[in-house]
Amino acid sequence: MWGGRARALLQVWGLWPAGVPGRRLLSGDAASQTGRSSPRCWNCGGSESPERGDRFFCPHCRALQPPDPTRDHFSLMDCNRSFRVDTTKLQHRYQQLQRLVHPDFFSQRSQNEKDFSEKHSTLVNDAYKTLLAPLSRGLYLLKLHGVEIHEGTDYEMDRQFLMEIMEINEKLTEAQSEAAMKEIESIVRAKQKEFIDNVSRAFEQDDFEKAKEILTKMRYFSNVEEKIKLKKIPL
């Protein structure tokens, strides 16, 4: 009874997190190495070993190749498949890839390469944004391990946690001063840091159910952060 009432209130406040789309991702490493022959260049017909080259251009004619559908975000951004990511290295890789595949550099090339560059650039942007933020990175990493957070998992949230979220929301609703807003921001920031530390340890221990629980809580607090941003915007 209490859980249903709490869910209704949180939905009204916009704090009930949306579910992750029910899409199961394959492991990029397993998919890319199992039963695949070397791809051939669409332009010159040349073949390339998967272990060689930059995987963007044909080593023979240097034509831009289509994106590899089996390559996951971590592989694309040259990161270890881990929750801990060097964000400085990630940013450098992002800039490097955009210099390689951005559509502006293919305006005088064939239509195929124009289309491929658009797709590559979109994938690079998506991978960068996903891996940059701890919450989206953790959710993506969970999906790579076959664990998903579906909509309607409120039974996993204990009453104490839901009460904490409701109390923070009430404080945010009543906050009328800059000092009050800063106090709420400080509380939320501290909680998110605690969650990030805990979920990192869970992934290191391959405890994906624990990681799932923590990431679900992070989504609640992420919704609170969005509400704080909106309230700070002058009407």
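## A salt bridge within helix 8

Lys-182 and Glu-178 are both exposed. In this predicted model, their side chains meet in a salt bridge, with an N to O distance of 3.3 Å. Both residues belong to helix 8, where four residues, about one turn of the helix, separate them.

Helix 8 itself covers residues 178-204. Let us turn next to another of its residues, Glu-204.

## A link between distant parts of the chain

Glu-204 of helix 8 has its partner well outside that helix: Arg-84, in the loop between helix 3 (73-76) and helix 4 (87-101). The two side chains form a salt bridge at 2.6 Å, N to O. Along the chain, Arg-84 and Glu-204 are 120 residues apart, and the pair links distant parts of the chain. Both of these residues are exposed.

## A pair in helix 9, and a network

Helix 9 has a salt bridge of its own, between the side chains of Glu-213 and Lys-210, at 3.9 Å from N to O. The cut-off for a salt bridge is 4 Å, so this pair at 3.9 Å is counted. Glu-213 and Lys-210 are three residues apart in helix 9, about one turn of the helix.

Are these two residues exposed or partly exposed? Glu-213 has a relative accessible area of 27%, and Lys-210 has 38%. Buried means under 20% and exposed means over 50%, so both Glu-213 and Lys-210 count as partly exposed.

Elsewhere, Glu-164, Lys-191 and Glu-194 are joined into one network by salt bridges that share partners. In total, the structure holds 11 salt bridges. As general background, side chains of opposite charge can pair when their charged atoms come close.

## How helix 6 packs on helix 9

Helix 9 (residues 208-232) also packs with helix 6 (residues 134-144). The angle is about 145°, and the axes of the two helices lie 10 Å apart. Helix 6 passes helix 9 in a left-handed crossing.

Which residues make the contact? Helix 6 contributes Pro-134, Leu-135, Gly-138, Leu-139 and Leu-142. From helix 9 come Phe-208, Ala-211, Lys-212, Leu-215, Met-218, Arg-219 and Ser-222. By residue class, the contact has eight nonpolar, two polar and two charged members. Lys and Arg count as charged, so Lys-212 and Arg-219 of helix 9 supply the two charged residues. The polar class includes Gly, so Gly-138 of helix 6 belongs there.

Technical notes: Residues are numbered from 1 along each chain as its sequence is written. This is a predicted model: local features need pLDDT of at least 70, side-chain atom pairs count only at pLDDT 80 or more; totals for chains, interfaces and linings use all residues. Side-chain values use heavy atoms; hydrogens and water are left out. Axes are lines fitted to C-alpha atoms, for helices over the stretch in contact, and angles run from 0 to 180 degrees between N-to-C directions. A crossing is left-handed if the near helix is turned anticlockwise from the far one by less than a right angle, and right-handed if clockwise. Contact means heavy atoms within 4.5 Å. Buried means under 20% relative accessible area, exposed over 50%, partly exposed in between (1.4 Å probe, protein chains only).
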